[in-house]
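Student: I would like a close look at a single part of this structure. Please describe one strand, its surroundings and its partners in a connected account.

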Amino acid sequence: MRVAIDLCTFTSIHQGGKDEVAYNLLRGFVNLGRSKDIICFCYPDLADKVKKISNDIDLYIIPKKRIKSRFKLLEVILNGTLNSDLYEEIITEKKVDILVFSNKLSSLASYSIPTVIIPHDIQMFYRGNLTFSFIDELRRLLLRFLVKLEFRKRSSIIAISDFDKKEMFKYLPGIKDKVYRIYNPIIFREYSPFKVNKKHILALNIQHPHKNIVTLIRAFKEIKDVIPYDLVLVGKLPRNMDELLNVIDTEDLSKRVLFTGFVPDDDLGKIISQTRIYVNTSFFEGFGMTAIEMIGQQIPTIVANNTAQKEVTKGFCKYYEPTNDFRALAEVILAEINEPTAEQDLIKFAGVMKASYSYEVIASKYWEFFRQVVNLNTNKF
């Protein structure tokens, strides 16, 4: 079986969990001995990154984008659609059996072979307690329209959690027969021994407003005088930085809250090794990789009890609700500091996460699913 994977929605700049899923899957396929069965499509700036995963992967560099737009997602999907003729030529030449789109908004074209899409979530359909500006609301409407069109073109759609699957059924009932749930693949890095000097409370991937970092800062502000830890916020700075800085309105608090910006893996390991508690206050997670990664590092983890977070963390976190209640969050943080999760429990939780979400385990599930899709398509004729 030959599998083609489209990576043209990604660049060499790290964008978060979506591209991490694609690279982890590739690494999993390579470790399963499938590298010579894989073809990857990507733009020139991502070629070196794919080659580092394996030189055995058949790599096709797609010419530079033909359409430029201020609205980047529209630019991506239009260029992906224009690439379809080139993809078809390679599919025919290389006798490809199945084409996998590793992100939503990849292409609106149809293909001669089965196609699978990993949309990661359908957050543009979910409102929850979030509020949107007029421009953001227009953007959501356009995204909904494009995603509906794209999903109609695909043979199969991967839901990354049972919650994600339920949301697809709720908002897009016409795709029920196409949806299959497979959890995300994770590489659990061993950054340091368990017992090291713990210095801070940590949050990762803060760049989007729905990550709700303002609630974490307010919770920290409530308890800063009675805890010995600082707050470290890692990731590209969000659009609502002015709001966050208004909450950090004293010199004393600004010395205790650190915005790092993007951090390379080596430096991130040092930060993680000194983390006492990891917190995810997001309003929406279709999966929530960072919480699972932190549990895998034996770090006590607190998340908002919403969307997919309790499902994928298997009850191994401490939870708070409502999501924007900073006092409720402050109480849970204090409870963990005053009565720490037992070390033997942290070790047990880490073991379960690694067994459930290992990139090799998940890659094998994906490969078997691809085989089923190809066989089903073959049996139709």
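Tutor: The account below begins with one strand, follows the chain onward, and closes with some aromatic contacts.

The model is predicted. The strand chosen is β11, which spans residues 275-280. Six of its six residues are buried, that is, under 20% relative accessible area, so strand β11 is largely enclosed by the rest of the structure.

Strand β11 pairs with two strands, β8 and β12. Strand β8, residues 200-204, runs parallel to β11 and is joined to it by three bridges. Strand β12, residues 301-304, also runs parallel to β11, and three bridges join these two strands. Tyr278 of β11 takes part in both pairings: it is the bridge partner of Leu202, and it stands opposite Thr301 in β12. From β11 the chain passes through helix α11, residues 289-296, before it reaches β12. This β-α-β crossover is right-handed.

Aromatic rings may be considered next. The count of aromatic pairs comes to 17, with ring centres within 6.5 Å as the criterion. Ring pairs link Phe29, Tyr180, Tyr366, Trp367, Phe369 and Phe370 into a cluster.

Rings are also found beneath charged groups in two places, as follows. The charged end of Arg181 sits over the ring of Tyr183, at 4.0 Å from the ring centre. The charged end of Lys310 likewise sits over a ring, that of Tyr319, at 5.0 Å from its centre.

Notes:
Residues numbered from 1 in each chain as written. Predicted model: local features only at pLDDT ≥ 70, side-chain atom pairs only at ≥ 80, totals over all residues. Heavy atoms only, no water. Phe/Tyr/Trp six-rings, centres within 6.5 Å; stacked < 30°, edge-to-face > 60°. Lys NZ or Arg CZ within 6 Å of the ring centre and 35° of its normal. Buried < 20%, exposed > 50% of the residue type's maximum accessible area, 1.4 Å probe, protein only. Helix = DSSP H or I, 4+ residues; strand = E, 2+ residues; numbered from the N terminus. Pairing = 2+ DSSP bridges. Right-handed = clockwise from strand over helix to strand, strands pointing away.
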